[in-house]
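Here's a quick tour of a protein model to go with the picture. Have a look at the structure first, then read on.

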Amino acid sequence: MTELRSNNPLAEGLHPLRSIILLLGFVLVGMSLGSIVSALLLVIWSTMQDGGAARNTFELLSNPEAFSGSWYLLILIQGISHALTFLVPCLLYWRMMERRRWKDFNPRPLSTVNSLALVVLLTIAFMPFNGLIIEWNQNINLPPAFEGLEEWMKQKEDQLTKLTTFLVSFDSPVQLMLALVVVGALPGIGEEVLFRGLLQRKLGQWTGNTHAAIWIAAAIFSAIHFQFYGFFPRMLLGALFGYLYAWSGNLWVPILAHFVNNGFTVLMVWLYRQRVVPIDIENTNSVPLTGAFFSLLLTIGLLYYFRKSNQAARSHPYG
């Protein structure tokens, strides 16, 4: 198992927990800036509509399909907000505080990783089993004492689900390309830099245990999406990405897996809407138990093969 540590003198002089707190500060500043930019875009758009700005903004977020051109506005806001929340602050922290460059995320060259096609196959093979976990997670009921909390979580889940459904509901190839960039590529890069490249690394330095670092980072990765009814499947995805990083020694590997997971879903939804494929990938109730069980076995087998074929990566610390 690859050891998570740093050979940078500046980073070594700072306790991992303090590094995480400092990183959180960068992220919060970026998140605030992203919220400001998003709010300005919404205000500009709202003032161009009939009615009050506040009313238009509320109606847009609650019923976006009622407004012409709202898809492009929301996909733009999504892209800017995500970049300023995850990618930009993480790269600034990495450069300004750790004095490091992108290549320092990758102690092992990508050309020596075996193999990227296997990563794509592994990510897709995991989807049916994770679909079963999604269905199970969505049916979790809290005790009666937490009825108020459960109602709030369901309302929040419904709002986020409605917005996500709207963003992946389109017909033109241009919208497909934009969605692949904003929903697939940007989260794949930004979230992996934060949760695997930085947080998992720092947690590994702090705990001295790679498995603990992977699972804690995966849990935080899932929790930050604020979707309780998708917490466990997203955490499993985060752990999958974490092990791919630990066993490959190259951040582009989990980035690829993250992009495939998001991008494949976007593509399949579009193909289903175009009536090219008969499978509705968003309908997790369509996952049979036998298919999910085979998916789990295939995932375990492919993970084992990936680990064995990349054993050399475990001799390289994360620099």
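Let's start with the big picture: the protein chain has 11 helices and 0 strands. Keep in mind that this is a predicted model. Reading from the N terminus, you meet one α element after another: α-α-α-α-α-α-α-α-α-α-α.

**The chain overall**

- The protein chain has 319 residues, and 45% of them count as buried.
- Take the contacts in the chain with a separation of 6 or more: 80% of them link residues 24 or more positions apart.
- The accessible surface adds up to about 15,900 Å², and carbon and sulfur atoms own 67% of that.

**Helix α2**

- Helix α2 covers residues 16-47, which comes to 32 residues.
- From the first C-alpha of α2 to its last you'd travel 46 Å, close to the 46 Å expected at 1.5 Å a residue.
- Several residues of α2 are buried, including P16, S19, I20, L23, F26 and V27.
- Further along α2, the buried residues include G30, G34, S38, L42, W45 and S46.

**The second largest pocket**

- This pocket holds about 230 Å³ of space.
- Which helices each supply at least two residues of its lining? They are α2 and α7, the latter spanning residues 173-207.
- Helix α2 gives the largest share of the lining, with 6 residues.
- Among the lining residues are I20, L23, L24, V27, L28 and M31.
- L194, F195, L199, L203, I220 and I224 also line the pocket.
- What kinds of residues make up the lining: nonpolar, polar or charged? The split is 12 nonpolar, no polar and no charged.
- I20, L23 and V27 turn up twice in this story: they line the pocket, and they are also buried residues of α2.

**H82, a residue in α4**

- You'll find H82 in helix α4, which runs over residues 70-96.
- Is H82 buried or exposed? H82 counts as buried because its relative accessible area is 9%, and the cut-off for buried is under 20%.
- If you skip its neighbours within four places in sequence, H82 is in contact with L87, L186, P187, G190 and E191.

**A213, a residue in α8**

- A213 sits in helix α8, made up of residues 210-223.
- A213 has 0% relative accessibility, so it counts as buried too.
- A213 and Q200 are 13 residues apart along the chain, and 5.3 Å separates their C-alpha atoms.

Conventions:
Residues numbered from 1 in each chain as written. Predicted model: local features only at pLDDT ≥ 70, side-chain atom pairs only at ≥ 80, totals over all residues. Heavy atoms only, no water. 1 Å grid on protein atoms, 1.4 Å probe; cavity = no way out; pocket = protein on both sides within 12 Å on 5 of 7 lines; lining within 4 Å. Points joined across faces, edges and corners; volume = space filled by probe spheres on them. Helix = DSSP H or I, 4+ residues; strand = E, 2+ residues; numbered from the N terminus. Nonpolar A, V, L, I, M, F, W, Y, C, P; charged D, E, K, R; others polar. Expected span 1.5 Å × (residues − 1). Buried < 20%, exposed > 50% of the residue type's maximum accessible area, 1.4 Å probe, protein only. Contact = heavy atoms within 4.5 Å. Areas by Shrake-Rupley, 256 points an atom, 1.4 Å probe, with all protein chains shown as cover.
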